[in-house]
Amino acid sequence: MSAGSKSVLVPTDAELLQAQADLWRHSLYYLTSMAFKCAVELGVPTAIHNLGGAASVKDLVTTLSLPETKLPFLRRVMRLLVTSGIFASESSADVETYRLNPLSWLLVEGVDAEDHTNQRSFVLATVSRHYVEAAMSLADWFKKDLAPPLPSPFEELHGVPLLHEKTPLLDKDLHDVVLEGLAAHDNLAIGTIMRECHDLFRGVQSLTDCCGGDGTTARAIVRAHPNIKCTVLDLPEVIKTAPADGVINYVAGDMFKSVPPSQAVLLKLVLHHWSDEDCVKILEQCKKAIPSREEGGKVIIIEIVLGPSLGPIMFEAQLLLDMLMMVNTRGRQRDENDWREIFMKAGFSDYKIVKKVGTRGVIEVYP
Ligand SMILES: C[S@@+](CC[C@H](N)C(=O)[O-])C[C@H]1O[C@@H](n2cnc3c(N)ncnc32)[C@H](O)[C@@H]1O
């Protein structure tokens with residue numbers, strides 16, 4: 001082959017057939033998302049739960065009051081969702097029985113159990129028309145030479161940012177389901193996080209949960225560590241609806257202006273919504289709020305730390321959440337180098353990833 005000539009990849013017959021199957025999968029994965037949306041909207045997980053945890057497609061058609069004629073179609077949807085790992089199934093005597101697995105269990109409504117946070121709204125928000133249309137506009141967005149600060153594809157297409165006071169003007173139902181989905185997402189596995197991170201709060205006397213919303217996380221912290229004086233900072237419109245429980249001190253304010261002083265500041269699932277420049281500004285305010293490292297001052301960050309170390313499935317999940325941020329917000333998910341860079345820019349001296357909890361890392365950042 002002459003120098004400079006391009007090498008031509010010639011797949012084998014087997015590789016070609018595999019490539020075609022892969023091409024189908026990658027072009028058609030949106031149908032898995034839509035079949036998932038369909039099952040959630042129909043209430044299939046709750047129906048299986050109410051039927052005692054196992055249901056045939058005939059049981060589902062009857063319970064969900066669907067026309068008999070749709071039975072073979074629902075079977076096809078369920079077959080795809082079982083293959084995709086969304087439901088479990090078993091067959092005996094020619095009858096396929098569908099069961100819940102941990103994923104579909106997250107979608108059952110009306111469960112009163114510790115650690116159960118129904119994720120229905122998260123699914124419905126992420127597969128909503130507005131999110132999907134924003135994702136479909138990605139190539140157009142890339143081609144436009146937009147002035148900084150760069151709007152997200154969502155903002156560019158729909159004219160308003162997501163999670164903004166103007167979002168309800170675009171679609172009030174979308175705004176409501178996004179807020180509900182975000183709360184469900186952020187509160188999922190809070191018990192696990194508290195169990196896994198028990199030592200993290202040992203010795204901490206006071207803590208500000210920055211962007212702590214309605215105080216769900218702060219209450220879980222105080223339940224596990226009653227000696228910690230806990231403050232929640234959030235925007236005035238959020239704080240005015242927070243439950244006055246006498247345990248948590250709620251402060252209405254703006255984290256870009258100031259953060260209530262305490263020994264430690266918690267930023268749980270906050271920074272991925274913001275650009276690097278904004279993260280530096282937020283962290284600078286957090287640094288002003290805490291004492292020196294010798295006096296126990298630290299910022300605790302619970303966020304995704306992108307990386308392949310947890311295996312390809314977890315890494316893919318992290319990367320999909322990064323795409324979710326890219327399409328819909330000005331934020332992003334970060335790897336350890338990205339985190340280090342913003343900590344140093346904000347004037348911190350050191351940091352430590354103290355724990356991995358699922359796809360997320362728990363990072364302590366020291367002044
Ligand atoms: C993604 S949620 C935070 C999740 C929460 N830390 C948790 O783990 O459940 C974002 C929160 O940030 C609050 N927020 C947004 N901008 C803020 C600001 N400038 N100052 C204080 N809070 C803000 C929002 O009101 C919202 O409650």
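Leu163 is partly exposed, at a relative accessible area of 34%. That makes a handy way into this predicted model, since Leu163 also stands out in its backbone: its phi is positive, at about 55 degrees, even though the residue is not a glycine. As for its place in the fold, Leu163 belongs to the loop that runs between helix 9 and helix 10, the latter spanning 167-170.

A similar story turns up a little further along. Ala189, also not a glycine, has a positive phi of about 65 degrees. This alanine sits in the loop between helix 11 and helix 12 (190-196), and with a relative accessibility of 27% it falls into the partly exposed class. One more backbone oddity deserves a mention. Pro148 and Pro149 are linked by a cis peptide bond, with omega at about 0 degrees. Pro149 is part of the loop that connects helix 8 (138-143) with helix 9 (153-158).

Stepping back, the whole chain can be described with a handful of numbers. The protein contains 17 helices and eleven strands, and its C-alpha atoms fill a box of roughly 70 × 65 × 40 Å along the principal axes. There are 367 residues, of which 43% count as buried. The accessible surface adds up to about 19,900 Å², and carbon and sulfur atoms account for 57% of it. Contacts that reach a long way along the chain are well represented: taking pairs at least 6 apart in sequence, 59% of the contacts join residues at least 24 apart.

The chain splits into three pieces: domain 1 covers 17-105, domain 2 covers 120-184 and domain 3 covers 189-366. Between the C-alpha centres of domain 1 and domain 3 there is a distance of 37 Å. Ala189, with its positive phi, is the residue at which domain 3 begins.

Within domain 1, Ala93 gives a look at the outside of the protein. This residue is exposed, with a relative accessible area of 73%. Ala93 is placed in the loop between strand 2 (88-92) and strand 3 (95-99). Its C-alpha atom is 18 Å from that of Met78, a residue 15 positions away along the chain.

Then there is the ligand. A shell of 17 residues surrounds the ligand, and the closest of them are Cys211, Asp234, Asp254, Met255 and Lys268. Three of these closest residues come with specific atom pairs. From Cys211, a backbone N or O atom is 2.9 Å away from a ligand nitrogen atom. Asp254 also faces a nitrogen atom of the ligand, here through a polar side-chain atom at 2.8 Å. Lys268 places a polar side-chain atom 2.7 Å from an oxygen atom of the ligand. On its own the ligand would expose 610 Å², and the protein buries 84% of that area. In terms of secondary structure, helix 11 (residues 172-187) supplies the largest share of the shell, with three residues.

His272 is worth a stop as well. In the UniProt record, an unreviewed entry, the annotation "active site" covers this histidine. His272 lies in the loop between strand 7 (264-268) and helix 15 (276-289). Is His272 buried or exposed? Its relative accessible area is just 5%, so His272 counts as buried. Beyond the neighbours within four places in sequence, the residues in contact with His272 are Glu303, Met325, Thr329, Gly331, Arg332, Gln333 and Arg334.

Ser262 offers a second view of the interior of domain 3. This serine is found in the loop between strand 6 (249-252) and strand 7, and it is buried, with a relative accessible area of 8%. Which residue does the side chain of Ser262 make a polar contact with? The partner is Thr208, whose side chain is 2.9 Å away. Thr208 also appears in the wider set of contacts made by Ser262 once neighbours within four places in sequence are left aside, together with Ser206, Leu207, Ala289, Ile290 and Pro291. One of these contacts, Ala289, is the residue at which helix 15 (276-289) ends.

Key. Residues numbered from 1 in each chain as written. Predicted model: local features only at pLDDT ≥ 70, side-chain atom pairs only at ≥ 80, totals over all residues. Heavy atoms only, no water. Domains from an automatic or database assignment. UniProt positions renumbered as here; feature names shortened; annotations may be inferred. Helix = DSSP H or I, 4+ residues; strand = E, 2+ residues; numbered from the N terminus. Buried < 20%, exposed > 50% of the residue type's maximum accessible area, 1.4 Å probe, protein only. Contact = heavy atoms within 4.5 Å. Near = heavy atom within 4 Å. Polar contact = N/O pair within 3.5 Å; in protein donor to acceptor, adjacent residues only side chain to side chain. Areas by Shrake-Rupley, 256 points an atom, 1.4 Å probe, with all protein chains shown as cover.
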